[in-house]
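These are my notebook entries on one structure. I looked up strand pairing, one helix and the surroundings of the ligand.

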Amino acid sequence: RIIYLNGEWLAEPEAKVSVFDRGFLMADAIYEVTCVLDGKLVDYAGHAARLQRSAKELGLTLPLSEEALLAAHREIVARNQMDQGMIYLQLTRGVADRDFAYPPADTPPTLVMFTQSKNVLQNAAAERGIKVVLLPDLRWGRRDIKTVQLLYPSMAKMEAKARGADDAWLTEDGFVTEASAASSHIVSAEGVLITRDLSHALLPGITRASVLDLAAAQGISVEERPFTPAEALAAREAFITSATNFVVPVVEIDGQSIADGKPGPLTQELRRLYIDTRR
Ligand code: PDD
């Protein structure tokens with residue numbers, strides 16, 4: 001793979017970051033994952049805007065202009081002859097002596113981009129649906145910022161797998177926040193799409209926003225509010241959204257089937273619509 005590192009295009013073995021990088025020492029870094037479908041960027045504008053927002057919230061500055069950032073995304077696809085998969089981007093506060101205080105503002109940030117190929121269209125989980133378990137959301141209080149502090153989501157994923165499930169739905173104060181690395185949604189018995197409203201408690205999912213627009217355009221009522229695990233268990237359908245998985249049905253929560261335990265029709269329709277409108 002060809003890696004982008006601080007303005008250079010490097011072969012994988014040459015792409016190296018200092019052990020003093022604050023991304024490594026303090027998780028002082030943000031990231032984005034943008035999907036590539038048929039060699040094209042999916043929902044790029046949303047990912048670029050969220051990256052700028054994450055940077056602003058942490059006082060980080062992107063070393064590239066908007067135009068140069070888009071050009072770099074296109075160039076990494078071309079250089080890696082990428083058809084399907086994802087582009088990972090990480091921006092850190094750069095290299096400095098270990099200290100809890102930030103280094104001077106003129107410290108050059110570290111910007112890395114790499115690609116990971118994956119057949120995003122053929123997704124067994126999308127066909128059969130996934131099983132989730134409920135776990136407490138023990139992440140920090142600014143989940144709206146896409147930081148690389150991913151240890152708890154990794155632990156939750158491992159715990160889900162240990163329990164024979166595919167993923168976790170995290171809960172806080174009796175409500176679902178989101179999945180370990182995706183947004184959570186349900187469709188009520190009345191056919192209303194319910195998804196948690198945006199706050200510091202969850203990441204503003206780019207796929208979430210797109211899918212809500214598609215649903216509204218289909219005449220489906222959408223309610224943005226927190227929902228409980230009990231509501232999810234009583235739902236007609238449940239699903240997750242994320243850049244790399246698009247829309248994936250949830251068919252079981254804590255061992256209990258959602259409706260008949262099969263992927264829901266609205267979920268499947270939204271997946272089809274999302275993919276069709278992004279190709
Ligand atoms: N994860 N919530 C969390 C905690 C996430 O990590 C993600 C994405 C989402 C969905 O956001 P989007 O639709 O913008 O991808 C929600 C990415 C894909 C990852 O960490 O790999």
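How many bridges join β5 to strand β6? I found 8 bridges between β5 and β6 (residues 110-117), and the two run antiparallel. Strands (E, at least two residues) and helices (H or I, at least four) are DSSP runs numbered from the N terminus, and two strands pair if DSSP finds at least two bridges between them.

I noted that the model is predicted: local features need pLDDT of at least 70, side-chain atom pairs count only at pLDDT 80 or more, and totals for chains, interfaces and linings use all residues. Residues are numbered from 1 along each chain as its sequence is written.

**Entry: strands.** I looked up Ile87 and found Thr115 in β6 as its bridge partner. Strand β3 (residues 29-37) is joined to β5 (residues 85-92) by 8 bridges, again antiparallel. Ile30 stands opposite Leu91 in β5.

**Entry: helix α5.** I listed Pro153, Ala156 and Ala160 as the buried residues of α5 (buried: 20 or more other C-beta atoms within 10 Å of its own; exposed: 12 or fewer; partly exposed in between; C-beta atoms placed from the backbone). The face turned away from the buried side carries the exposed Leu151, Ser154, Met158 and Ala162. Just after α5, Gly164 has a positive phi of about 80°.

**Entry: ligand.** Among the 14 residues around the ligand, I recorded Ala181, Gly205, Ile206, Thr207 and Ala243 as coming nearest (near: C-beta atom, placed from the backbone, within 6 Å). Helix α6 (206-217) and strand β13 (237-242) each supply at least two residues of the shell, and α6 gives the most, with 3 residues.
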